[in-house]
Amino acid sequence: MNRVDLNCDLGESFGAYRIGNDEEILDFVTSVNVACGFHAGDPSVMRKTVELAAQKGVQIGAHPGLQDLIGFGRRNLSITAQEAYDIVVYQIGALDGFLKAEGLRMQHVKPHGALYNMAAKDKNLSKAIVKAIYNIDTDLILFGLAGSELIKAGKEIGLRTASEVFADRTYQSDGSLTARSEKNALIENDDEALAQVVRMVKEGKVKSQQGVDVSLQADTICIHGDGAHALEFARRIQGSLTTSEIEVKAISS
């Protein structure tokens, strides 16, 4: 039987602003990526998210992003490899404090947004990010885009890696995600998204926007928790995977 992890970005509220269906969506995922305060989240939100995930038995990971609250970390910023190392260490450390306060252990680290996409193609940036993770805890699992420089760098340094695919995003022929600025970046039809996910897990392939199949490894699937129908989609994707005889289980299980 095929097996896959189902992850979701959570803890993206900030102060008086509420984003997502954090508590409800935890019933359908096996791992969560908690915002660490740079692109979203704040100390109170981080603590609450950790507590909720722990109550539901969901594995917890850090979701470090660029220091761009206004742009939600989705705008490319020019940073050096050293700066990337520093911000990743800083953000992992912040979340790890809340985990230790609850007697919990971090499962993984997944860069967010622009930092994730920049590292997918930039070797120097990728090496800095994985070095930061490795220096903190060699047992941490790196979540990164399947086939990316980030995954390659993680394997080279000796980290356990989880190749990630996306349920609601389209792909380019080089295996990269279609930029959000492009009109076809998101898959709006749920049935189409579900079919894409099942094929990626069972066949290791995805149809690119150029019409050619791209081979990829699917260890973990990302769903987004802040959409208008995110909760219903999470319910459907879990059901679709189960129906397709794909076991949904956390990477570290």
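The exercises below work through a helix, a pocket and several single residues of a predicted model.

Residues are numbered from 1 along each chain as its sequence is written, and side-chain values use heavy atoms, with hydrogens and water left out. In this predicted model, local features need pLDDT of at least 70 and side-chain atom pairs count only at pLDDT 80 or more, whereas totals for chains, interfaces and linings use all residues.

**Exercise 1. Describe helix H5: its span, its N-terminal cap, its buried residues and what covers them.**

Step 1. Helices (H or I, at least four residues) and strands (E, at least two) are DSSP runs numbered from the N terminus, and H5 is the run of 14 residues from 123 to 136. The distance from its first C-alpha to its last is 20 Å, close to the 20 Å expected at 1.5 Å a residue, where the expected span is 1.5 Å times one less than the number of residues.

Step 2. The N-terminal end of H5 is capped by Asp122, which has a side-chain oxygen 3.0 Å from the backbone nitrogen of Asn124.

Step 3. Buried means under 20% relative accessible area, exposed over 50%, and partly exposed in between (1.4 Å probe, protein chains only). In H5 the buried residues are Leu125, Ser126, Ala128, Ile129, Val130, Ala132 and Ile133. An α-helix has 3.6 residues a turn, so residues three or four places apart point the same way.

Step 4. The cover over these buried residues includes helix H3 (81-101), strand E4 (108-109), helix H4 (113-121), strand E5 (141-145) and helix H6 (149-157).

Step 5. Ile136, also in H5, counts as partly exposed because its relative accessible area is 37%. Contact means heavy atoms within 4.5 Å, and beyond its neighbours within four places in sequence Ile136 is in contact with Val89 and Ile92.

**Exercise 2. Which residues of H6 are buried, what covers them, and what backbone feature comes just after this helix?**

Step 1. Glu149, Leu150, Ile151, Ala153 and Gly154 are the buried residues of H6.

Step 2. Among the elements that cover them are H4, H5, E5 and strand E6 (160-166).

Step 3. Gly158, just after H6, takes a positive phi of about 105 degrees.

**Exercise 3. Characterise the largest pocket by its volume and its lining.**

Step 1. A pocket is found on a 1 Å grid over the protein atoms alone, as an open set of points with protein on both sides within 12 Å along at least five of seven lines, and its lining residues have an atom within 4 Å of a point. The largest pocket holds about 490 Å³ of space, the volume being that filled by probe spheres set on the points.

Step 2. Its lining has 26 residues, and Gly113, Ala114, Asn117, Arg169 and Leu177 are those nearest the centre. H4 gives the largest share, 7 residues, and strand E9 (220-224) is another element that supplies at least two.

Step 3. Sorted by class, the lining has 11 nonpolar, 8 polar and 7 charged residues, with Gly among the polar ones and with Asp, Glu, Lys and Arg as charged.

**Exercise 4. Is His108 buried or exposed, and which residues does it touch?**

Step 1. His108, placed in strand E4, is buried because its relative accessible area is 0%.

Step 2. Not counting residues up to four places away in sequence, His108 touches Ser31, Val32, Asn33, Ile60, Gly61, Ala62, Leu140, Ile141 and Phe143.

Step 3. A polar contact is a pair of N or O atoms within 3.5 Å; within protein, one must be able to donate a hydrogen and the other to accept it, and residues adjacent in sequence count only if both atoms are side-chain atoms. One such contact, of 2.7 Å, joins the side chains of His108 and Asn33.

**Exercise 5. Which side chains make polar contacts with the side chain of Asp9?**

Step 1. Asp9 is in strand E1 (residues 2-10), and it counts as buried because its relative accessibility is 7%.

Step 2. The side chain of Asp9 makes a polar contact with that of His63 at 3.4 Å, and another with that of Lys110 at 3.4 Å.

**Exercise 6. Locate Phe72 and Glu245, and state their phi values and exposure.**

Step 1. Phe72, in the loop between strand E3 (59-63) and H3, has a positive phi near 55 degrees although it is not glycine. Phe72 is buried because its relative accessible area is 15%.

Step 2. Glu245, in the loop between helix H8 (230-243) and strand E10 (246-248), is likewise not a glycine and has a positive phi of about 60 degrees. Glu245 counts as exposed because its relative accessibility is 54%.

Definitions and conventions. 1 Å grid on protein atoms, 1.4 Å probe; cavity = no way out; pocket = protein on both sides within 12 Å on 5 of 7 lines; lining within 4 Å.
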